[in-house]
Amino acid sequence: MTAATADEDATVEVVVVDGDDRHVLAVEPGRTLRNALLDADHSPYASLTSRFNCGGRGVCATCGVRVRTGPEPDHWHDQLAARFGYPRLSCQVTVDRPMTVELVDKHVWGGREQNADTDPDGPRSRSR
Ligand code: FES
């Protein structure tokens with residue numbers, strides 16, 4: 001085994017639960033969970049916040065995920081989130097061990113889509 005191969009093998013398993021689906025990612029240790037999720041097309045954001053967020057600086061609180069198993073929180077917001085059962089900030093979680101995380105449904109004010117088949121006012125009601 002060459003050194004390059006050993007480096008390539010040095011990944012951490014991250015299981016992503018998205019509804020009924022489970023995906024297994026091989027993540028380079030030291031990366032933030034946020035960036036690993038984005039790179040694997042498992043965004044922690046809602047549609048609006050995927051464009052408008054703090055870029056992983058830990059101030060917008062839009063990148064929350066449920067960490068089922070993983071590191072203990074060390075960011076102040078992350079500690080409060082864990083204590084009170086809110087989603088933790090994926091941008092403040094360093095992938096340094098195997099973990100299981102769950103993507104959460106995000107409903108941003110004014111952003112929830114309505115079903116045109118069941119909404120008597122149809123799609124136009126979205127703009128109210
Ligand atoms: S990206 Fe803003 S708090 Fe995580």
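A residue is called buried here if 20 or more other C-beta atoms lie within 10 Å of its own, exposed if 12 or fewer do, and partly exposed in between, with C-beta atoms placed from the backbone. By that count, 22% of the 128 residues of the chain are buried. The structure is a predicted model, in which local features need pLDDT of at least 70 and side-chain atom pairs count only at pLDDT 80 or more, whereas totals for chains, interfaces and linings use all residues. Residues are numbered from 1 along each chain as its sequence is written.

**Exercise 1. Decide how confidence is distributed along the chain, and where pLDDT stays under 50.**

Step 1. The score to use is pLDDT, the predictor's confidence in each residue, from 0 to 100; the chain averages 80, and 75% of the residues score at least 70.

Step 2. Residues 1-6 stay under 50, and the model has one contact for them beyond four places in sequence, where a contact means that the C-beta atoms of two residues, placed from the backbone, lie within 7 Å.

Step 3. Residues 109-128 also stay under 50, and for this stretch the model has 10 contacts beyond four places in sequence.

**Exercise 2. List the secondary structure elements and work out the strand order of the sheet.**

Step 1. Helices (H or I, at least four residues) and strands (E, at least two) are taken as DSSP runs and numbered from the N terminus, which gives three helices and five strands in the succession α-β-β-α-β-α-β-β.

Step 2. Two strands are said to pair if DSSP finds at least two bridges between them. Strand β1 (residues 12-18) pairs with β2 in the antiparallel sense over seven bridges, and V17 stands opposite R22 in β2. The hairpin of these two strands has two residues between them, and in it G19 takes a positive phi near 65°.

Step 3. Strand β3 is antiparallel to β5 over four bridges, with T69 bridged to T100 in β5, and β3 is also antiparallel to β4, over two bridges, with G64 bridged to L89 in β4.

Step 4. The result is an open sheet of five strands in the order β2-β1-β5-β3-β4, with mixed pairing. Because β2 (21-27) and β4 (88-89) stand at the edges with a single partner strand each, one side of each is left without a neighbour in the sheet.

**Exercise 3. Identify the nonpolar cores and the elements that build the largest one.**

Step 1. A nonpolar core is a set of buried Ala, Val, Leu, Ile, Met, Phe, Trp, Tyr and Cys residues joined through C-beta atoms within 7 Å. The largest has 13 residues, and those with the most contacts inside it are V14, L33, A36, V95 and V101.

Step 2. The elements that give two or more residues to this core are β1, α2, β3 and β5 (99-103).

Step 3. Taking L33 as an example, and leaving aside its neighbours within four places in sequence, one finds it in contact with V65, S90, V93, V95 and V101.

Step 4. A second, separate core has five residues, among them Y45, C63, A81 and C91.

Step 5. For the chain as a whole, 54% of the contacts between residues at least 6 apart in sequence join residues at least 24 apart.

**Exercise 4. Describe C54, D41 and A61 in the loop between α2 and β3.**

Step 1. C54 is placed in the loop between α2 (33-39) and β3 (64-69), and it counts as partly exposed because 14 other C-beta atoms lie within 10 Å. Residues up to four places away in sequence aside, C54 touches V59 and C60, while its C-alpha atom is separated by 9.7 Å from that of C91, 37 residues apart along the chain.

Step 2. D41 lies in this loop as well and has a positive phi of about 60° although it is not a glycine. With 7 other C-beta atoms within 10 Å, D41 is exposed.

Step 3. A61, too, lies in the loop between α2 and β3, and its phi is near 60°, a positive value in a residue other than glycine. A61 has 15 C-beta neighbours inside 10 Å, so it counts as partly exposed.
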